[in-house]
Amino acid sequence: MQPKAQSSSLVRLFLAADKVPLWLLLLSALVGGIAGLLATGFQAGLHQVLAWRVEGISLWAQWGLPRWFLAMLSTALMTVLALWLTFKFSPEAAGSGIPEIEGALDNLRPVRWWRVLPVKLFGGFLAQGGGLVLGREGPTVQLGGAAGKMVGDLFKVSKDNAHALLAAGAAAGLSAAFNAPLAGVLFVIEEMRPQFRYGLISIKCVLIGTVVANVVCRAFLGQQASIEMPSYSAPDLNTLALYLLLGGLFGAFGILFNKGVVWTQDWYARYHQGQLGRRLVIGAILGAVLGLLTVYGPDLTGGGIEIIPAVTVGSFTVGTLLLLFIGRVVTTLLCFGSGAPGGIFAPMLALGTLFGMCFGSLSQSLLPGLDIQPGTFAIAGMGALFAATVRAPLTGIILVIEMTNNYLLILPLLITCLGATMVAQALGGKPLYGQLLARTLAAEARAKAQAQQMDTQKEAASA
């Protein structure tokens with residue numbers, strides 16, 4: 001064969017190997033469209049439920065009932081219903097759902113989309129609409145992944161293509177939830193890297209699903225950044241060491257925070273022991289406490305995205321910031337550990353903002369000779385805590401930039417997130433979602449072992 005002909009043959013082989021079936025790309029677009037609609041509907045529905053709760057409390061208060069009692073009662077009932085719906089019909093819909101998607105990508109967990117989709121939606125409306133400290137972003141990732149699995153099942157695609165559609169749905173869900181397309185792609189590639197099967201087909205599916213979901217989201221919700229805050233200029237170079245220090249602090253705190261999540265879940269598990277009735281008692285108590293806080297300490301409740309703009313413009317003193325940070329750590333751990341359907345993305349971003357702003361304000365007071373903008377430390381803190389806990393620094397950096405539209409802060413974000421990741425790794429910390437998936441798999445293995453033991457005992461008794 002002539003060299004020229006051989007070269008042409010190799011080119012054709014290369015193109016043929018990289019060719020992605022058009023029908024799979026269309027299915028990826030379908031997944032992205034469904035994920036975008038689910039994310040948009042979930043956000044709109046959640047806002048409506050929150051409004052209905054406030055209107056209902058105001059209406060009943062006209063009859064002389066105290067608002068604090070109505071707030072406690074409504075949140076308690078909504079939390080109980082959310083937990084009952086979740087653990088009665090779809091236990092895998094508990095929590096954020098991201099570990100479930102990671103397990104599904106690794107063929108370790110099933111995706112029963114016909115159960116997950118309705119339970120996650122309505123359970124999320126109840127739990128988060130009542131004021132629990134939970135985010136809608138993690139659930140949206142699970143909803144998107146479930147949409148990918150649904151499309152794969154309905155069109156009977158192969159296992160490899162189903163894997164690509166599942167990943168595309170997860171990325172599309174995050175993209176639509178935060179209005180952050182690049183962060184959605186990076187989250188799957190970086191955070192889910194042990195489970196994600198890299199390949200041109202998978203990457204194209206993820207990109208298409210993410211783009212379509214984001215277009216759908218922007219068509220309904222607008223193209224503005226998801227968090228409106230001031231646009232900051234690039235910080236002075238002589239202040240960059242402070243961002244590295246902030247990252248180190250977040251790296252240490254991230255390990256403690258992850259341990260707190262695990263400890264809280266263990267604490268709940270020791271009480272409820274897998275019994276639905278006891279879970280509902282926990283939900284009633286937790287809901288009553290959080291309902292009371294919605295009246296007397298509203299900044300300690302809710303997902304936390306709403307409080308971020310007020311923090312960055314300096315609406316709180318340093319002491320108030322520190323108290324809010326400590327209080328929201330407690331409420332975040334209590335709400336997420338309960339198993340109520342809701343994520344931890346938004347609460348972590350709020351915590352990062354609070355501590356970052358506190359650090360920036362203190363630095364400005366102690367170092368008056370430096371040109372310090374406290375708000376830039378708040379934004380850097382958002383990405384740093386995410387990087388330290390989830391161990392996905394690139395995703396954290398891009399996510400914060402896309403959410404706040406502060407592209408000039410990429411250098412301090414890089415430094416802060418890098419410092420947080422390095423310190424967390426040096427201290428032996430493990431990624432949060434990996435720990436949660438390992439716990440789920442271990443609990444499933446124990447349940448199977450107990451069931452087998454009971455069957456063996458029954459057989460022995462009958463013999």
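A residue counts as buried when its relative accessible area is under 20%, as exposed when that area is over 50%, and as partly exposed in between. The structure described here is a predicted model. By this rule R109 is buried, because its relative accessible area is 16%.

R109 takes part in a salt bridge. Its side chain meets that of E444, with an N to O distance of 3.0 Å. The pair links distant parts of the chain. R109 sits in the loop between α4 and α5 (113-129), while E444 belongs to helix α18. The two residues are 335 residues apart. Unlike buried R109, E444 is partly exposed, at 27% relative accessible area.

In total, 5 salt bridges are counted in the model. Side chains of opposite charge can pair when their charged atoms come close. Helix α18 also carries R439, which lies in a pair with D266 of helix α10. The closest N and O atoms of R439 and D266 are 2.8 Å apart. R439 is in α18 and D266 is in α10, so this salt bridge ties together parts that are 173 residues apart in sequence. R439 counts as partly exposed, at 26% relative accessibility. D266 is likewise partly exposed, with a relative accessible area of 29%. Shared partners extend the pairing around R109: salt bridges join E100, R109 and E444 into one network.

A local pair is found in helix α6 (residues 137-154), which holds both D153 and K149. Their side chains meet in a salt bridge of 3.4 Å, N to O. The two residues are 4 residues apart, about one turn of the helix. D153 has a relative accessibility of 30% and therefore counts as partly exposed. K149, at 27%, also counts as partly exposed.

The pocket analysis follows. Rolling a probe the size of a water molecule over the atoms shows where empty space is left. The largest pocket holds about 1300 Å³ of space. It is lined by 35 residues. Closest to its centre are F87, P91, R279, T440 and A443. Elements that give two or more residues to the lining are α4 (98-105), α10 (240-272), α11, α13 (318-337) and α18 (432-462). Helix α18 gives the most, with 9 residues. This helix also holds E444, the salt-bridge partner of R109. The lining is mixed in character: 13 residues are nonpolar, 13 are polar and 9 are charged.

A nonpolar patch lies on the surface. It is formed by L59, W60, W63, L65, W68, F69, L73, L77, L292, V295 and Y296. Together these residues have about 1200 Å² of accessible area. Three elements, α2 (22-61), α3 (67-89) and α11 (276-296), each give two or more residues to the patch. The most come from α3, with 4 residues. L65 is found in the loop between α2 and α3. At 35% relative accessibility, L65 counts as partly exposed. Patch members must have over 30% relative accessible area, so L65, at 35%, meets that cut-off. Helix α11 is listed both for the patch and for the lining of the largest pocket.

Key
Residues numbered from 1 in each chain as written. Predicted model: local features only at pLDDT ≥ 70, side-chain atom pairs only at ≥ 80, totals over all residues. Heavy atoms only, no water. Patch = residues over 30% accessible without salt bridge, like charges linked within 9 Å, V, L, I, M, F, W, Y side chains within 5 Å. Areas by Shrake-Rupley, 256 points an atom, 1.4 Å probe, with all protein chains shown as cover. Salt bridge = Lys/Arg side-chain N within 4 Å of Asp/Glu carboxyl O. Buried < 20%, exposed > 50% of the residue type's maximum accessible area, 1.4 Å probe, protein only. 1 Å grid on protein atoms, 1.4 Å probe; cavity = no way out; pocket = protein on both sides within 12 Å on 5 of 7 lines; lining within 4 Å. Points joined across faces, edges and corners; volume = space filled by probe spheres on them. Nonpolar A, V, L, I, M, F, W, Y, C, P; charged D, E, K, R; others polar.
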